[in-house]
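Student: Could you take me through the spot where the ligand sits, slowly and one piece at a time? I'd like to know what surrounds it.

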Amino acid sequence: PAAAMPTRAPLGARSQVGYGKIILLGEHSVVYGRRAIAAPIGLTVRAEVVRGEPGQAPVITDWNVDGSAQETISPDVSHQVAALIAARLGLPESGVRVDVFSKLPRASGLGASAAFAVALIRATAECFSIELSDEQVSSLAFECEQIVHGTPSGIDNTVATFGRPILFKKTDAPSGHEISDIVTPHPIPIVIGLSGVHALTAHTVAAVRAAWLHNRARYDAIFDQIDSLVGEGADALRRGDTAELGELMNINQGLLNALQVSSPELEQMVAIARRAGALGAKLTGGGGGGAIIALAGPAGAEPIRTALHQAGYTTYLTEIR
Ligand code: MEV
């Protein structure tokens, strides 16, 4: 099913919300200190935390927005994340009840794990009347992402927290990164296509690391090329130059394929989107399955969505603004 969606969470819900995201340019190389651009999408995870019986094990329940059972994030992982949050906030681990309402598909490269962590941190802090700055939320969510992903760059938790488009670079600074805002002169329409193949970012990140350890110079050269595309992409976005941005996305896809994180489904979707008029199309996030993004051209987003639906894929429409 296709759904148009707002690009911001409803006002007032922010305190318990984590934002899903797309990476426009620069996934994987961002783990190695190169730049990347990410933007929030209107799909969010919201959490509600209430105090339960002291001494009782925490209960975490996952719901789809339509009230149906959500495919579970590994219960192990969600309990480890909840335990870490409780420990960092100085709370007893037991006696909380957590309800998670997710609009974000899991294992799709759209940042569901980071959005879950951010939502849970905000809802837990609110339940126990603890004031946290956005920086504190993001840095705790980064620790949660280390449980889920191993060696995250920090880009997912940053966008999940701040909910605005950013240029991101991992650094040795105490914050762990440099970020700058990206403001576009007009909203940029993006079609998100889901391959339906679940892929764990942890796996593709580990595969790229193994390849890099085996031949650092070869992979560093690819990461450097992606970094230049990202720099040019940030300029293109700030000018609103979608033709240039699309070309950069296409080249980035070629380099992601070189990193061997694409898949037959992703390649097929990218080809369909380009044939249907996309100015650029690439996988987004960890790859190996998951999702693509396509930048709509002059003919608009509908022909791209229709072509992807005809091939059996689910799409969402979002905007970078
Ligand atoms: C995942 O959204 C993006 C990756 O670059 C991993 C990361 O940055 O942590 C694949």
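Tutor: Here's a walk around the ligand and the residues that surround it. Keep in mind that this is a predicted model, so every distance below is computed from predicted atom positions.

Let's start with the place itself: the ligand sits in the largest pocket. Around it you can find 14 residues, and the closest are Lys 21, His 28, Pro 152, Ser 153 and Asp 156. What kinds of residues make up this shell? They divide into six nonpolar, five polar and three charged.

Now zoom in on some of those closest neighbours. Take Lys 21: a polar atom of its side chain is 2.9 Å from an oxygen atom of the ligand. Asp 156 also uses its side chain, with a polar atom there lying 2.9 Å from a ligand oxygen. With His 28, look at the backbone instead, where a polar atom is 2.9 Å from an oxygen atom of the ligand. And how much of the ligand does the protein bury? On its own, the ligand would expose 300 Å², and the protein buries 98% of that.

Next, step back and ask which parts of the fold supply the shell. Strand 2 (17–25), helix 4 (155–162) and helix 5 (201–214) each give at least two residues to it. You can trace that on the chain: Lys 21 falls within the range of strand 2 (17–25), and Asp 156 falls within the range of helix 4 (155–162). On the level of domains, both domain 1 (3–181) and domain 2 (188–320) come into play, as the shell draws at least three residues from each.

So, to picture the site again, think of a ligand in the largest pocket, with 98% of its 300 Å² buried by the protein and shell residues coming from domain 1 and domain 2.

Key
Residues numbered from 1 in each chain as written. Predicted model: local features only at pLDDT ≥ 70, side-chain atom pairs only at ≥ 80, totals over all residues. Heavy atoms only, no water. Near = heavy atom within 4 Å. Polar contact = N/O pair within 3.5 Å; in protein donor to acceptor, adjacent residues only side chain to side chain. Areas by Shrake-Rupley, 256 points an atom, 1.4 Å probe, with all protein chains shown as cover. 1 Å grid on protein atoms, 1.4 Å probe; cavity = no way out; pocket = protein on both sides within 12 Å on 5 of 7 lines; lining within 4 Å. Sits in = over half its atoms within 2 Å of the grid points. Helix = DSSP H or I, 4+ residues; strand = E, 2+ residues; numbered from the N terminus. Nonpolar A, V, L, I, M, F, W, Y, C, P; charged D, E, K, R; others polar. Domains from an automatic or database assignment.
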